[in-house]
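Let's take a friendly walk through a protein chain together. Please look over the sequence and the 3D picture before reading on.

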Amino acid sequence: MSDRRTRPIRPLCARSGAICIMILLAARGMAAKGDDSPGFDPAARITPAVRVFRECSPAVVNLSTTKIVTVQSPLGMGGLFDDIFDFPMRGPRKYKTQSVGSGFLIHADGYLVTNAHVVDRAAECKVTFADGNILDAQEVAIDREHDLAVLKVNARRTLPHLRLGRSDDLMPGETVIAIGNPLGLQHTVTTGVISALDRTLEFGNQHTYRGLIQTDASINPGNSGGPLLNVLGELIGINTAIRGDAQNIGFAIPVDRLSELLPEMLDIERLRQVVFGIHFDAAGTRGGSADHPIGVRIGRVDPDTPAAAADVQAGDVVVAIDNQQTRDFIEAFSLLERTPVGQMLKLDIVKKDGKRRTIEVPLAALKPQDASRLLKQFFSLGLREMNADDLARIGVSRPIGLVVTSAGPGNEATRGQLQPGDIITKFGGISVAELAPMAHLMKQVNPGDRIPFQVLRIRGDAIVRFETALQAR
């Protein structure tokens, strides 16, 4: 009986052994095939999101800012006055606050973009790259109204940067990829789709963001200022806001808005206090045909400049500066920013009729006297820069505006709106503390324009802040 019981087991074991050997041999065969088998090919798992992250993450940076906050007593005046006045009798205290955000490079020379609120009032800004390198960043331009800022790092090497795409052809449902530093977690990638276009968000202080991209890609604190990319790795938006009362709803500024604002934010005349005469109006031209050459379109040419004398006109396209191709605005700006003041520039231009010309335009120094002359001409106003006596008299640590020295007859300024001793803190919404930058602003004024002036009037212990508008003659 014992033999009969054990007999059936032997062939079963034999069969099981044969099956095990066959499985082992099959596994070895599959392993031998290696990359020929989809199940063992890592390349088959590379999705568009993986590819975009690998290509674009080196151009995405972590921004760590330190802000010096001055706290007055509860009786402090707040706002502008708490920022610029010392009020020693109130016992001000200063402390540091730190915040983290994201940004991305748009040029190999180290120009990067982020949100204005990420770096606003920052005393120090550190940029951490994907490879762990840390560099200091300097603010180049900031647009608080549109929540955009441009910074610059000096890396002494060519840096990776993103390609600016377009946002006028985006499609709801289109896949998007966000890279940033949510909650300080460096180089996090999330994916989603475009949920909607042209959204409007309203925040406190009557501030409204319009034309935003809505996405369900996870965007958390720390993502602000980071890129929103399409599956081609092109920048289509700048992540800027989240709704605290909803989940999986994020927003981004369309890249076309950035492209429109860059020529104004990075106007070379204002930033370097030079006379160039040419102002660009777009980040670049699309196409590449004879009718639409790739380059930077000219938006305005100042009269009485060498560019105007050479018959350069709005609508012409600059395709090269000093024999270096300018495929977009940021490339043209980088070349102009590196050019020494006083040097002659050779510009290759395609006219509106398709003809090509080469002209020479100097990058000339701007003189403070130009601002004084134009202020007298348009507003019968005399202004000067604040000196050490002014700072000591009103108790400020740095210049905060320009002092009115005279308000000539026959102008609105003489009717009690502006008086000698008043301090002009903003001209046309732009903060001013030196005369040289005023020259650039005055060159954009035309007769009949009404320009808002923000004024600080200090008479003894009385401090009055108001805004008035003067019409240019």
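What follows goes from the whole chain to its cores, its rings and its charged pairs.

This is a predicted model, in which local features need pLDDT of at least 70 and side-chain atom pairs count only at pLDDT 80 or more, while totals for chains, interfaces and linings use all residues. Residues are numbered from 1 along each chain as its sequence is written, and side-chain values use heavy atoms, with hydrogens and water left out.

**The whole chain**

The protein chain has twelve helices and 27 strands. Both kinds of element are DSSP runs numbered from the N terminus: helices are H or I runs of at least four residues, and strands are E runs of at least two. Of the 473 residues in the chain, 43% are buried. Here buried means under 20% relative accessible area, exposed means over 50%, and partly exposed is in between, using a 1.4 Å probe and protein chains only. The chain exposes about 24,500 Å², and carbon and sulfur atoms supply 51% of that area. Such areas come from the Shrake-Rupley method with a 1.4 Å probe; for residues, only the protein chains shown count as cover.

How much of the contacts with a separation of 6 or more comes from residues 24 or more positions apart? Their share is 61%, where a contact means heavy atoms within 4.5 Å.

**Two nonpolar cores**

A nonpolar core is a set of buried Ala, Val, Leu, Ile, Met, Phe, Trp, Tyr and Cys residues joined through side-chain atoms within 4.5 Å. The largest one has 53 residues, and Phe 276, Phe 280, Val 312 and Leu 347 have the most contacts inside it. Helix H9 gives this core its largest share, six residues. H9 covers residues 329-338, and seven of its ten residues are buried; among them are Phe 329, Phe 333 and Leu 336. Leaving aside neighbours within four places in sequence, Phe 276 is in contact with residues including Leu 336, Leu 345, Leu 347 and Val 361.

Apart from the largest core lies another, of 25 residues, including Leu 418, Phe 427, Leu 441 and Leu 470. Phe 427 is also touched by Met 438, whose other contacts beyond four places in sequence are Ala 371, Leu 375, Leu 402 and Val 432. Met 438 is found in helix H12, residues 435-442, and counts as buried at 1% relative accessibility. Its C-alpha atom is separated by 8.6 Å from that of Ser 372, although the two residues are 66 apart along the chain.

**Rings**

Rings of Phe, Tyr and Trp (its six-membered ring) pair if their centres lie within 6.5 Å; planes under 30 degrees apart count as stacked, over 60 as edge-to-face and the rest as tilted. By this rule there are six aromatic pairs. Why is the pair of Phe 427 and Phe 453 edge-to-face? The ring centres are 5.1 Å apart and the planes are at 85°, so the pair falls in that class. Phe 427 lies in strand E24 (residues 423-427) and Phe 453 in strand E26 (residues 450-459), so this pair ties together parts that are 26 residues apart in sequence. Phe 427 is buried at 5% relative accessibility, and Phe 453 is buried at 0%.

Tyr 111, Phe 280, Phe 329 and Phe 333 are linked into a cluster by ring pairs. Tyr 111 also has Lys 152 over its face, 5.3 Å from the ring centre. A charge sits over a ring if NZ of Lys or CZ of Arg is within 6 Å of the ring centre and within 35 degrees of the ring normal. The charged end of Arg 157 is placed over Phe 129, 5.9 Å from the ring centre.

**Salt bridges**

A salt bridge is a side-chain nitrogen of Lys or Arg within 4 Å of a carboxyl oxygen of Asp or Glu. The whole structure has eleven of them, including these three:

| Pair | Closest N and O atoms | Separation in sequence |
|---|---|---|
| Arg 157 and Asp 131 | 3.8 Å | 26 residues |
| Lys 351 and Asp 316 | 2.8 Å | 35 residues |
| Arg 459 and Asp 422 | 3.1 Å | 37 residues |

How covered are these partners? Arg 157 is partly exposed at 39% relative accessibility, and Asp 131 is exposed at 53%. Lys 351 and Asp 316 are both buried. Arg 459 is partly exposed, with a relative accessible area of 35%, whereas Asp 422 is buried at 0%. Finally, Arg 166, Asp 168 and Asp 169 are linked in a network of salt bridges.
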